[in-house]
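Colleague: I am new to this structure and should be grateful for a close look at a single part of it. Please take one residue as the point of departure and work outward from there.

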Amino acid sequence: MGKNKNGSFGWLLGQSEERKGKFIASVILAAFSMLCGIVPYYFISKIVKDLLAGSTDKSVYITNCVIILALWLGHSLFHALSTANSHLATFHTLAVIRKKALDKLAKMPLGDVIGQPSGTLKNTIVERIDSIETTLAHILPEFTTGIGAPVIVLIYVFIINWKLGLATLITVPLGIVC
């Protein structure tokens, strides 16, 4: 059997071919969730700006608050849909891996199987395969938001003021040192 060029993670994703679309949908929905979580702060800044300017037009404030509420609801909805998709795809993938493990177990020489303590086989087929769930169901979609949000905020800061953007970049090496 040849060595997989993509490594363990590539092999793992290869087991999820049937549900690849759900993983992609999960990442896209996580990106929408992230955007809906960031954009309200823009509208909050508009409210603060209007307050500081002395605006008394309540309809502008109400409109901005309704937009903020809709975005935060969108954030929760997209997050829930992203999590549901990633978990559905993950549990299907884990089932595929378990079936392959059991097929391999059925083809093993009986002496090798009997020589193994039953707890070892149970640990491999149940516990070790279950431990993959966190990686597939959470890291894939959450990586999108974990990387995307700071990048989008940094781009926005550069749009506001490039000097302020450069100043925020100083926090990266400081964070690494800490």
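**A residue at the helix contact**

Modeller: Ile38 is partly exposed, because its relative accessible area of 21% is not under the 20% that would make a residue buried. This residue belongs to helix H2, which covers residues 20-38. The model is a predicted one, and every value given here is computed from it. Its chain has an average pLDDT of 85, and 93% of the residues score at least 70. Confidence does vary along the chain: helix H1 (residues 7-14) has the lowest mean, 68, whereas helix H3 (residues 40-53) has the highest, 95. Where pLDDT is low, predicted coordinates should not be read in detail.

Once neighbours within four places in sequence are left aside, the contacts of Ile38 are Ala149, Ile152 and Val153. These three residues are also listed on the H7 side of the contact between H2 and H7. For a sense of distance in the other direction, one may take Val113, which stands 75 residues from Ile38 along the chain; the C-alpha atoms of the two are separated by 54 Å.

The pairing of the two helices deserves a description of its own. Two packed helices are described by the angle between their axes and the distance between those axes. For H2 and H7, the axes come within 9 Å and cross at roughly 35 degrees. The crossing of H2 past H7 is right-handed. On the H2 side, the contact is made by Phe23, Ser26, Val27, Ala30, Ala31, Met34, Leu35 and Ile38. Helix H7 contributes Leu136, Leu140, Pro141, Thr144, Thr145, Gly148, Ala149, Ile152 and Val153. By character, the residues of this contact comprise 13 nonpolar, four polar and no charged.

Two members of the contact, Phe23 and Leu136, lead to the largest nonpolar core. That core has seven residues: Phe23, Ala89, Leu94, Ile97, Ile129, Ile132 and Leu136. Helices H4 (58-107) and H7 (132-160) each supply at least two of its residues, and H4 gives the most, with three. A further core, of six residues, lies apart from this one and includes Cys36, Ile47, Tyr61 and Ile68.

Ile47 offers a way into that other core. This residue is found in helix H3 and counts as buried, because its relative accessibility of 15% is under 20%. Beyond residues up to four places away in sequence, Ile47 touches Tyr61, Asn64, Cys65 and Ile68. By contrast with these contacts, the C-alpha atoms of Ile47 and Phe78, which are 31 residues apart along the chain, are separated by 25 Å.

Helix H4 also holds two residues that may be set beside Ile38. Asn85 is in H4 and is buried, with a relative accessible area of 14%. Leaving aside neighbours within four places in sequence, Asn85 is in contact with Lys22, Ala25, Ser26 and Leu29. Of these, Ser26 is also named in the contact of H2 with H7. His92 likewise lies in H4 and is buried, at a relative accessible area of 18%. Not counting residues up to four places away in sequence, His92 touches Glu18 and Arg19.

To return to the starting point, Ile38 is partly exposed and takes its place in the contact between H2 and H7.

Key
Residues are numbered from 1 along each chain as its sequence is written. This is a predicted model: local features need pLDDT of at least 70, side-chain atom pairs count only at pLDDT 80 or more; totals for chains, interfaces and linings use all residues. Side-chain values use heavy atoms; hydrogens and water are left out. A nonpolar core is a set of buried Ala, Val, Leu, Ile, Met, Phe, Trp, Tyr and Cys residues joined through side-chain atoms within 4.5 Å. Buried means under 20% relative accessible area, exposed over 50%, partly exposed in between (1.4 Å probe, protein chains only). Helices (H or I, at least four residues) and strands (E, at least two) are DSSP runs, numbered from the N terminus. Axes are lines fitted to C-alpha atoms, for helices over the stretch in contact, and angles run from 0 to 180 degrees between N-to-C directions. A crossing is left-handed if the near helix is turned anticlockwise from the far one by less than a right angle, and right-handed if clockwise. Contact means heavy atoms within 4.5 Å. Ala, Val, Leu, Ile, Met, Phe, Trp, Tyr, Cys and Pro count as nonpolar, Asp, Glu, Lys and Arg as charged, and the others, Gly among them, as polar. pLDDT is the predictor's confidence in each residue, from 0 to 100.
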